[in-house]
Structure formats: structure tokens, C-alpha cells
Amino acid sequence: MDFEKNILCIGAGYVGGPTMAMIASKCPKYKVTVVDINEDRIRKWNSDNLPIYEPGLDEIVKKVRGKNLFFSTELNKHIRENRIIFVSVNTPTKTFGQGAGKAADLQYWEKTARQILANSTTPKIIVEKSTLPVRTAETMGQILNGNNKNVQFDVISNPEFLSEGTAINDLENPDRVLIGSKETPEGIRARQEIVEIYANWVSHNRIIESNIWSSELSKLTANAFLAQRISSINSMSALCEKTEADIDEVAYAIGTDSRIGPKFLKASVGFGGSCFKKDILNLVYICQSYGLTEVADYWESVVKINEWQERRFIQNIISNMFNTVAGKKIALFGFAFKANTGDIRESPAIYIARGLLEEKAHIIISDPRALPNARDYFKDIQEDVTFEMDPYRVAKGAHAIAILTEWELYRNLDFKRILKSMAQPAFIFDGRNILDHNKLFKLGFNVFAIGKSPLKHF
Ligand SMILES: NC(=O)c1ccc[n+]([C@@H]2O[C@H](COP(=O)([O-])OP(=O)(O)OC[C@H]3O[C@@H](n4cnc5c(N)ncnc54)[C@H](O)[C@@H]3O)[C@@H](O)[C@H]2O)c1
């Protein structure tokens, strides 16, 4: 079959896989190929056991895989054959050298750019899908166009705003799609080609076009603003605990103000995920490198509050459990960084688990989707950790339960049965404020939630 367009995506991760599956599903006239250096990942994308869990993803992949969606490890061949190349490789925080701990590590991006260059003999549009520091397109342009092959490359910025757990809906009904380019005739022509892809299912009033630097910076800004709301409400949760105000009531009261709005105002043990922390630290680094110290400090405080909130949660557990958790069994309900994903990257649960292990607690981890990743995380750490899917078995004999992910299933458990099976006095630390705390207290639990007065029987 002849396809109208061939599209390639380099990087078959949480962004590349679902995004390309959506394009393939909405545009049967395009052939979409996703390549990755990770052979195991590609093997899983071609199997019944996809490498990531995302509600609705299996159905879409099954519908289009082998028809107009293909997964492969043959990078060079597909670079040669495709004119439009999305790049969705990882851009983690740098762990070495200049900027370590803050700057984005762009080695995977640069390697990809060089590989594209080495395998190109015809003009190409390179689309930045990964989240990148503002002005990366300039460097990429220099690498790609500083060639002696006379091949023209246009670099476009098209950051991804999907949220794990709701990625399929976010991709199908995006609030907006952002496409930035240089404002040269070639740049605008290339931008229009990418607009055309999304216009197959996204209305034009939701496709925002901008200059390339605004597009790159908007992604970092969006993540910084979202995380800032969480840190703001979490900072207030600490004040609520001192004053008998209730953080959920405060959040509701302020969220009904149409200027503020209700989203991202849920107090919790802290935000996680692969993006918020790394993108804010990247923003901090960029501001510092432009000498904007006050701006850098302002955004860095968002990350600091998050780390403090996680620390506070551990301290709360220890101080309320008679100042020691050594030898005690603590059941962790949830390990994913949020519900409806198996992703544990930067999950607050990691930090909480490690903090409790340092205090010599025995932890037992439960999660409906994240246990394989949790096991993998602890595989080289010889500590007192066990894993169990069934929350009732996890709670058996435990001194305390800590709710670390807001999975729906935890709201509907039989806590009377759970209480009976636990060591007494039994504690619940609700790090997501999802349970009925008064009901649990009446059953006999000692209940500690975020931003609320403790409910204890002693
Ligand atoms: N995860 C999210 O929710 C999310 C949302 C929006 C944006 N982003 C951004 O998208 C980018 C990708 O994130 P992700 O979560 O999909 O990462 P990921 O780690 O799940 O996937 C990245 C993939 O790129 C592959 N890769 C690395 N170098 C490669 C190379 N040279 N050639 C081919 N493949 C290579 C890796 O093997 C990996 O499979 C990041 O910049 C991230 O900040 C992520």
C-alpha cells in the first residue's frame, strides 16, 4: 500500500510509543515507524505485553500495529527512508560534570542528531518531541546543518503535554498542540507540515503556532507552573496541621475561584514522575546561566518544598509510631508516582521507602501495576523489602499502612478486615488524602492525613 506520508519517531518510551500510536490510529494514510536502541523495549512493543501500562493503549496499538504502525530497531535504515523524524529520546538530569544535578543531559539527543546526519542524503524535518532547554534547536541546527553534504534540515519544536495515566485521552483531545519553528519561509513551510498531521483530528483553534524558542520554553514553563501549584498547596498543608484548618476544605474554597481553578490543588506526600523535578531543575540551571539568580531561586524552591514534604511524611510516621519504626512492618499501598500508570520514576514512594529502610523498618510494597518496576528498582539493594500484589496480605501483621498512590482500589477496601489482621495499635498514614478518615478512626485506626488534624486514640 502507498502511504501519503512516512513518519519516523526515534525513542519508543512513554511519549514516543503512545504519541505515534495515536497518530497512526487517526491517520491511516500515514505510515508511522517507531525505532529505539533498546531491543527489549521494541520486542515488547511488538508483543501482547507492551512495555508500558497506559489505560486504552493496548486497544489502539492492537488496532494499528502491522497496518500503519511499526516498531523496529533498525535506526539507520528508517532514518534513510523517512523525511519527517520526531525525536523523543530521554533527556534526564545530568549526573556529571558542569551542571550536574540540574542541567539536562543532552547526550542522547546529540547522538541521535549525529546519527540522523550520518544517514541523510535528502532534506528532512526534525521534530523535537523530547522536553529540551530553550535554544536547543539552535545547537541542533548547527550540528545538522554544519555538514558538507548540502542536505537541508528544518528543526521544529513540538513539545508533548500528555500526562501519564490519562495519556490516550490527552492525545486524542489535547487542550492544545504547540508547534514552533524559525520564522523563515522554510521554517514556516516545515511547521505547516507538522500542523497538517495534527489537523487530522485536532481542530485548528487548538493548534498553537509560535516561534521556536517560545515553544521550547513553554514546555518547561508549563511543568514549572503545574508543580508550583502542588508545592503551594503542600506548603499550606503543613500550616493546616498546626492550626486545625483542613487542607481539602481550603483547596476547595480557593479552587472554586475561577481565577485559581480546582486542578492540581490536591495536597499529597509530594509530586513525582520523570518530568517535574528534572524540568524545573533544568529551568533553574538555564536561569542561573543567564545570571537570573532570583528567578532561579524562585523556581528551585518548588523542588525544595517537594523534598521537604516527602521528608515531613517520613518524620510524621516515625514520631507518631513512638519514635521508632525499627523492626516494624510498614505496608506501602502504592508505588507508582500516580494512579493508572506503572511508572515509578521519581515516585515519592521511592523516597519514603528508602527513608523507612534507613530507620530499619521492614517494608512490604503493593501496587496493581508498578510491582515489576518496584522489584527492578530494589534488585541490587539487599534490604528488608518484600512485594505482594494483594493489599489484604500486605496489611497482615503490619504496624502501619502508608497510602502512597491514589489508586481507586484503595478507597474501597474492607478496612474492618484489614484492621483485625494488623498489629495493634494500628496506624494509617494517608499520603494522598483519599480515604474516609473519620470512618477509619471510628473503626479503631490511628489516622494521619496530609494537612489535617491527626485522629488518634492515645
Ligand atoms: N513521560 C512523560 O510523561 C513525558 C511527558 C511529556 C514530555 N516528556 C519528555 O519526552 C522525552 C521522552 O520521555 P519518555 O518518558 O518517553 O522517556 P523514556 O525513557 O520512556 O523513553 C526514551 C526512549 O529513548 C530511547 N533512546 C535513547 N537514546 C536513543 C538513541 N540514540 N536512539 C534511539 N533511541 C534512543 C531509550 O532507549 C528510551 O526507550 C523526555 O524528554 C521527557 O522529558 C515526557
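**Two domains, their strands and a ligand shell**

Modeller: The centres of domain 1 and domain 2, taken over C-alpha atoms, are separated by 33 Å, and this value, like everything else we discuss, comes from a predicted model.

Biologist: How do you know where domain 1 and domain 2 begin and end?

Modeller: The bounds come from an automatic or database domain assignment, which places domain 1 at residues 5-202 and domain 2 at residues 244-458 of the protein chain.

Biologist: How many residues of domain 1 and domain 2 are in contact?

Modeller: A contact requires C-beta atoms within 7 Å, and by that criterion 16 residues of domain 1 are in contact with 16 residues of domain 2. On the side of domain 1 that touches domain 2, the residues divide into 9 nonpolar, 4 polar and 3 charged.

Biologist: Why is helix α1 described as largely enclosed by the rest of the structure?

Modeller: A residue is called buried if 20 or more other C-beta atoms lie within 10 Å of its own, and 10 of the 11 residues of α1, which covers residues 16-26, are buried, so the helix is largely enclosed by the rest of the structure. Among the buried residues of α1 are G16, P18, M20, M22 and I23.

Biologist: What makes the two faces of strand β4 covered or uncovered?

Modeller: In β4 (residues 84-87), I84 and F86 lie on one side and I85 and V87 on the other, and all of them are buried, which leaves both faces covered. Strand β3 (residues 69-72), by contrast, has a covered face formed by L69 and F71 and an uncovered one formed by F70 and S72.

Biologist: How do you know which strands β4 pairs with?

Modeller: Two strands count as paired if at least two bridges are found between them. Strand β1 (residues 5-10) and β4 pair in the parallel sense over 4 bridges, with L8 standing opposite I85, and β4 and β5 also pair in the parallel sense over 4 bridges, with I84 standing opposite I125 in β5. Strand β2 (residues 30-35) pairs with β3, again in the parallel sense and over 4 bridges, and there V35 stands opposite S72.

Biologist: What makes β11 and β14 edge strands?

Modeller: Six strands form an open sheet in the order β11-β10-β9-β12-β13-β14, with parallel pairing, and β11 (385-387) and β14 (446-449) are its edge strands in that each pairs on one side only. The twist from one strand to the next averages 20°. For β11, the pairing with β10 (residues 362-366) runs over 3 bridges in the parallel sense, and I365 has F387 of β11 as its bridge partner.

Biologist: Why is E406 called buried?

Modeller: The cut-off is 20 or more other C-beta atoms within 10 Å; E406 has 21, and therefore E406 is buried, although its place is in the loop between β12 (400-403) and α16 (415-421). Leaving aside residues up to four places away in sequence, E406 touches K338, A339, R432 and I434, and its C-alpha lies 9.5 Å from that of L435, which is 29 residues away in sequence.

Biologist: Why are R135 and F264 singled out for their phi?

Modeller: Most residues other than glycine have a negative phi. R135, in the loop between β5 (124-128) and α6 (136-145), has a positive phi of about 85°, and F264, in the loop between α10 (247-255) and α11 (276-289), has a positive phi of about 60°.

Biologist: Are R135 and F264 buried or exposed?

Modeller: Neither word fits, because partly exposed is the class between the exposed limit of 12 or fewer neighbours and the buried limit of 20 or more. R135 has 13 other C-beta atoms within 10 Å and is therefore partly exposed, and F264, with 16 C-beta neighbours inside 10 Å, also counts as partly exposed.

Biologist: Which form does the peptide bond from Q424 to P425 take?

Modeller: Most peptide bonds are trans. The bond from Q424 to P425 is cis, with omega near -5°, and P425 has its place in the loop between α16 and β13 (427-430).

Biologist: Which residues are the closest around the ligand?

Modeller: A shell of 26 residues surrounds the ligand, and the closest are G11, G13, Y14, S130 and T131. Helix α5 (residues 107-118) gives the most to this shell, with 3 residues, and by class the shell has 10 nonpolar, 11 polar and 5 charged residues.

Methods:
Residues are numbered from 1 along each chain as its sequence is written. This is a predicted model: local features need pLDDT of at least 70, side-chain atom pairs count only at pLDDT 80 or more; totals for chains, interfaces and linings use all residues. A residue is near a molecule or strand if its C-beta atom, placed from the backbone, lies within 6 Å of it. Ala, Val, Leu, Ile, Met, Phe, Trp, Tyr, Cys and Pro count as nonpolar, Asp, Glu, Lys and Arg as charged, and the others, Gly among them, as polar. Axes are lines fitted to C-alpha atoms, for helices over the stretch in contact, and angles run from 0 to 180 degrees between N-to-C directions. Two residues are in contact if their C-beta atoms, placed from the backbone, lie within 7 Å.
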